[in-house]
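Visitor: Please take one part of this model and describe closely how its helices pack together.

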Amino acid sequence: MTDAAAKKKDAPAGVTSLPSWQALEAHAREKRALKDLFAKDPERFKKLAFALPGMLVDFSKNLVAPDTLDLLLRLAADSGLEKARDAMFAGDKINTTENRAVLHTALRAPDDAALKVDGQNVSEDVADVLYRMESFADSIQTGVWRGYNGKDITDVVNIGIGGSSLGPRLVTEALASYHVPRLACHFVANVEASDLALTLKGLSPETTLFIVASKTFTTAETMQNANIARTWIVNHYKDEQAIARHFVAASTNLEAVKKFGIAPDNMFPFWDWVGGRYSVWSAIGLSVMLAVGRENFDEFLAGAREMDAHFRAAPLKQNVPVLMGLIGLWYRDFLGFPAYAVIPYHNCLNRLPAFLQQLDMESNGKSVTKDGKLVGCPTGPIIFGEPGTDAQHSFFQWLHQGTDTVPIDFIATVKTRFGNADQQAMLLANFLAQSEALMTGKENKAEPHRNFAGNRPSTTILLDELTPRTLGALLALYEHKVFVQGAVWGIDSFDQWGVELGKVMAKALEAEIKAKKPGAHDGSTLGLLDYIFSHK
Ligand code: F6P
């Protein structure tokens, strides 16, 4: 066997062996400057800024020439992206390692979708739960549902972690200007005691409703916090019956919910085909519905539905999630950028980076393909972010002059429901200045510390306004972008086996810590246990 043949045999058979992949590798060796790309084509903005309902997405400040996009689109076609997308929407079991369909899109599908999974009409199930959530939200709002001694509910505490917290918390906080009166929503995720303790400090057991949000209803942190909250209620009333008026659940695990003491009528179900990080559209969004009311929740779903329709039908070269995914993949795999930043210029979106970290990094932080082979190329990037303008006064120095290039998503709203026109003008000026400065740079040969190399890429997403509808569309855009990348890499974006090992080890360590008896561990862990035991 020749050297070349041997190399080919060892090479992964996946995406990296496609001719379009290799063409992109060659293409990546060519230099490209954003300034030149704009100079060469005065129509560049027009060609690369896409208007969708309620938003504009501008890809023009990205390091892609027209032929880059052509090659990326060829890669998408060669790797079967359209087939993969259609299989997801059709309810095929594309989460192969868990043998599950992936149908968060069914949670916001048109009324007549009539989707089936294993012969079950899931569209009917979705409509049914949505109706129950709406009735429940109405009953809390109108005071039909009251606490155990007849007082109105004034506070809702969502106890959940990961996808059972990040999505609902982001959306509830993002839609602050849509909140219904007299009801405050709180979120407790961390098992670190202050999270629950400080939340409960200001609340009364008589007017507080807990939503235990957990797909599995076995997540250790959530169950620990839920049990403490349960004791808080029972100790107050000295009566277990009170649980029925102060606890509801969003889960797929009816038996565990019943065992906790929550009646089946007070459980809002969802299904194994809804992944945790894709679950805000399901019963896990109950806190959102309570916070903003049913109409706004429907609008949130409608925004996502519009994005789904676009993703399904738009030709790939005008398909915004597809382009976003492919440009991200270009940076990660061909230009070698390991990270990307998300900077929302709206304080109400301050939880967006945390939400996207789970969405993207839990979905695409994988090293093997669906058929168990090494992927052979870098997959999901590191994601970080903070709201602008705050971030400008912290890590933007590094973005402008650091040694790494980090592509950025700049997100802002044209209009705001808060503040005054001067604040908004200053905000938008900063928002535009940053992406322009990063792109154009500013040469200063005399004083190198004042030199800005420029050519640092970004995508700009301008929402007309932060509404339930545009927020729904924005989150669905990111979901589909993550899907596009995972599909091209050939990985399973919908499992999360990487979180299991730590969970198992924590269980054993918890018993050892409680018994003050270390088990068999490495030297560091034993040393740390010893320190903990001697300082308790
Ligand atoms: O830690 C992994 C994870 O399974 C996430 O994927 C999920 O969103 C989170 O835990 C919470 O899970 P559950 O909703 O089952 O409590």
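Guide: Contact here means heavy atoms within 4.5 Å, and helices are DSSP runs (H or I, at least four residues), numbered from the N terminus, as strands (E, at least two) are. The model is predicted, so local features need pLDDT of at least 70 and side-chain atom pairs pLDDT 80 or more, while totals for chains, interfaces and linings use all residues. Residues are numbered from 1 along each chain as its sequence is written, and side-chain values use heavy atoms, without hydrogens and water.

Consider helix H6 (residues 81–90), where Leu81, Arg85, Ala87, Met88 and Phe89 are buried (under 20% relative accessible area with a 1.4 Å probe, protein chains only; exposed is over 50%, partly exposed in between). Their cover includes helix H5 (66–78), helix H14 (294–313), H15 and H19. Just after H6, Gly91 has a positive phi of about 85°.

Two of the covering helices also pack on each other: H15 (residues 320–334) and H19 (residues 468–489) meet at an angle of about 55°, with their axes 8 Å apart. They are therefore oblique to each other (neither under 35 degrees, nor over 145, nor 65 to 115). Among the residues in this contact are Met324 and Leu329 of H15, and Leu477 and Tyr478 of H19.

Tyr478 also belongs to the largest nonpolar core, of 125 residues, where Tyr478, Trp273, Leu290, Leu352 and Ile461 touch the most other members. Such a core joins buried Ala, Val, Leu, Ile, Met, Phe, Trp, Tyr and Cys residues through side-chain atoms within 4.5 Å. H19 supplies its largest share, 13 residues. Leaving aside neighbours within four places in sequence, Ile461 contacts residues including Met324, Leu474, Leu477 and Tyr478.

Definitions and conventions. Axes are lines fitted to C-alpha atoms, for helices over the stretch in contact, and angles run from 0 to 180 degrees between N-to-C directions.
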